[in-house]
Amino acid sequence: KLSMRFVSNPANTLESATFSEATVVSNFDRNGQGIIAVEVDGQVQQILATLTSGDLAKGSRVRAGQLVRVEEVDPARHRCIVSVL
């Protein structure tokens, strides 16, 4: 029992941000790409985000400070796909 008191919870990875909300840091460009900030395991990480093809086709504008939803994460490239809330 004594040793179990020193066991910590496993760390969350970037994939744990899937289906969570993130804050847009920079306005998205015409290609639907921009930087978002997402909290992972108590730390804020800034990553490249791309709009879903549906939101891009609608012509959705994404501005700094806006909230988006993380739909898919590519941890190897440190990127994600987001949708407009």
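**Strand pairing and overall architecture**

Strand 4 (residues 67-74) and strand 5 (residues 79-84) run antiparallel and are joined by 6 bridges. The model described here is predicted. Within this pairing, Glu72 of strand 4 lies opposite Ile81 of strand 5, and Arg69 lies opposite Ser83 of strand 5. The hairpin formed by strand 4 and strand 5 has 4 residues between the strands, and in this hairpin His78 adopts a positive phi near 55°.

Strand 5 also pairs with strand 3 (residues 43-51); these strands run parallel and are joined by 4 bridges. Thr50 has Ile81 of strand 5 as its bridge partner. Ile81 thus appears in the pairing with Glu72 and in that with Thr50. Strands of a sheet pair through backbone hydrogen bonds, in either a parallel or an antiparallel arrangement.

The pairings belong to a wider arrangement. The 5 strands form a closed barrel in the order 1-2-3-5-4, and the pairing is mixed. From one strand to the next, the twist averages 50°. The chain contains 1 helix and 5 strands, and along the sequence these elements follow the pattern β-β-β-α-β-β. In this pattern the helix comes between strand 3 and strand 4.

Values for the whole chain were also computed. Of the 85 residues in the chain, 27% are buried. About 5800 Å² of the chain is exposed, and carbon and sulfur atoms supply 48% of this area. Among contacts in the chain with a separation of 6 or more, 52% are between residues 24 or more positions apart.

Terms used. Residues numbered from 1 in each chain as written. Predicted model: local features only at pLDDT ≥ 70, side-chain atom pairs only at ≥ 80, totals over all residues. Heavy atoms only, no water. Pairing = 2+ DSSP bridges. Helix = DSSP H or I, 4+ residues; strand = E, 2+ residues; numbered from the N terminus. Axes fitted to C-alpha atoms, helices over the stretch in contact; angles between N-to-C directions. Buried < 20%, exposed > 50% of the residue type's maximum accessible area, 1.4 Å probe, protein only. Contact = heavy atoms within 4.5 Å. Areas by Shrake-Rupley, 256 points an atom, 1.4 Å probe, with all protein chains shown as cover.
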